[in-house]
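Colleague: Could you take me closely through the sheet in this model, beginning with one pair of residues at its border and working outwards from there? A slow, connected account would suit me best.

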Amino acid sequence: SLKGKTAVITGSNSGIGLGIAQELAKIGVNVVLNSFTDDDADHKLAADIAAEHGVEARYISADMSKGDDCRALIEKAGACDILINNAGIQHVAPIQDFPTDKWDAIIAINMSSAFHTSAAALPMMRKAGWGRVINIASAHGLRASPFKSAYVTAKHGVVGMTKVVALETAKEPITANAICPGYVLTPMVEKQIPSTAKEYNISEDEAIEKVILAKQPSKEFVTVEQLAGIVTFLCSDAAAQITGTSIAADGGWTSQ
Ligand code: NAD
């Protein structure tokens with residue numbers, strides 16, 4: 001049972017991270033939520049989870065674009081049996097126009113943060129004698145698309161680092177895996193629907209089917225609940241020998 005274990009989920013005041021936190025809380029895991037803001041609404045998310053599921057839930061503000069903040073998040077959490085590296089941002093532009101500050105931010109938040117949190121969390125997992133590192137990569141960790149240079153680079157990097165963490169912990173009861181989702185209807189993707197419809201001069205429904213889900217053969221969004229289910233599976237005993245791998249949940253995208 002995972003009851004009483006502690007999960008730290010980066011970038012979890014919204015979308016996939018929040019959904020994973022809620023699902024883990026449901027099965028008795030204490031959760032640490034995070035984003036770079038420090039608003040009442042952030043802390044209320046944690047209080048609501050604690051009240052609903054009877055677990056310990058805290059919100060700790062830390063900016064995942066900064067290495068010291070990443071490490072401080074884990075130190076402040078005090079325990080980290082399950083580390084979910086989920087914080088991420090996107091920016092879309094051709095390489096020649098891609099702003100350097102966006103490149104730096106995406107590499108830092110989407111990739112380097114997972115290095116820093118893992119460095120801080122692995123000693124805690126070793127001490128506790130059990131651990132799970134789960135990196136939320138993307139189908140873009142396995143395949144590329146034009147105009148997403150920083151995102152594709154960062155997500156491929158995360159898939160690579162996942163394998164290194166798996167090898168460095170191979171003889172211990174610790175596993176490291178990546179989940180590679182296709183498109184999930186979260187605020188990150190919702191933002192792209194009206195702009196895509198406008199750009200292609202088509203309806204929002206067409207923008208979803210023909211553009212956004214163009215590469216996703218199922219023509220259905222992956223759900224946050226499905227991803228949370230994969231996380232729960234990776235934390236189970238059945239997954240104890242699954243390490244260093246990427247689990248694609250992408251409606252067939254990477255089969256192409
Ligand atoms: P989202 O925008 O809803 O969530 C991103 C989270 O990261 C938010 O909680 C945000 O506050 C946090 N965040 C952003 N910058 C941060 C920073 N500097 N420090 C700390 N936290 C920060 O998007 P989402 O779709 O839930 O994305 C979560 C993860 O899943 C990302 O890594 C994303 O790349 C990945 N992903 C999403 C999709 C999708 O279709 N939505 C597909 C594949 C992978």
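Modeller: Valine 31 has alanine 57 as its bridge partner, and this alanine belongs to strand S3. Please keep in mind throughout that the model is a predicted one. The two strands S2, covering residues 30-35, and S3 run parallel and are joined by five bridges. In general, the strands of a sheet pair through hydrogen bonds of the backbone, and this can happen in a parallel or an antiparallel way.

If you now widen the view, S2 and S3 turn out to belong to an open sheet of seven strands, whose order is S3-S2-S1-S4-S5-S6-S7 and whose pairing is parallel. Strand S3 (57-61) stands at one edge and strand S7 (246-249) at the other, and because each has a single partner strand, one side of each is left without a neighbour in the sheet. On average, neighbouring strands of this sheet are turned by 20° against each other, if direction is ignored.

Returning to the pair we started from, you can find helix H2, made of residues 40-53, lying across S2 and S3, and its direction is at about 165° to that of S3.

Strand S2 also leads us to the ligand. Around the ligand there are 28 residues, and those that come nearest are Gly11, Gly15, Met64, Gly88 and Thr186. S2 is one of the elements that give two or more residues to this shell, together with helix H1 (15-26), helix H4 (100-128) and helix H6 (187-190). Sorted by class, the shell holds 13 nonpolar residues, 14 polar ones and one charged residue.

To place the ligand in the chain, we need the domain assignment, which gives domain 1 (6-182 + 222-249) and domain 2 (185-220). Both domains give residues to the shell around the ligand, and therefore the ligand lies between them. The centres of the two domains, taken over C-alpha atoms, are separated by 25 Å. Where the domains meet, six residues of domain 1 are in contact with four residues of domain 2, and the side of domain 1 that touches domain 2 has two nonpolar, four polar and no charged residues.

Finally, the whole protein chain, in which the sheet is set, has nine helices and seven strands. Its radius of gyration is 18 Å, close to the 18 Å that the globule rule gives for 256 residues, so the chain is as compact as a globular protein of that length.

Definitions and conventions. Residues numbered from 1 in each chain as written. Predicted model: local features only at pLDDT ≥ 70, side-chain atom pairs only at ≥ 80, totals over all residues. Pairing = 2+ DSSP bridges. Helix = DSSP H or I, 4+ residues; strand = E, 2+ residues; numbered from the N terminus. Axes fitted to C-alpha atoms, helices over the stretch in contact; angles between N-to-C directions. Contact = placed C-beta atoms within 7 Å. Near = placed C-beta within 6 Å. Nonpolar A, V, L, I, M, F, W, Y, C, P; charged D, E, K, R; others polar. Domains from an automatic or database assignment. Rg over C-alpha atoms; globule rule 2.2 N^0.38 Å.
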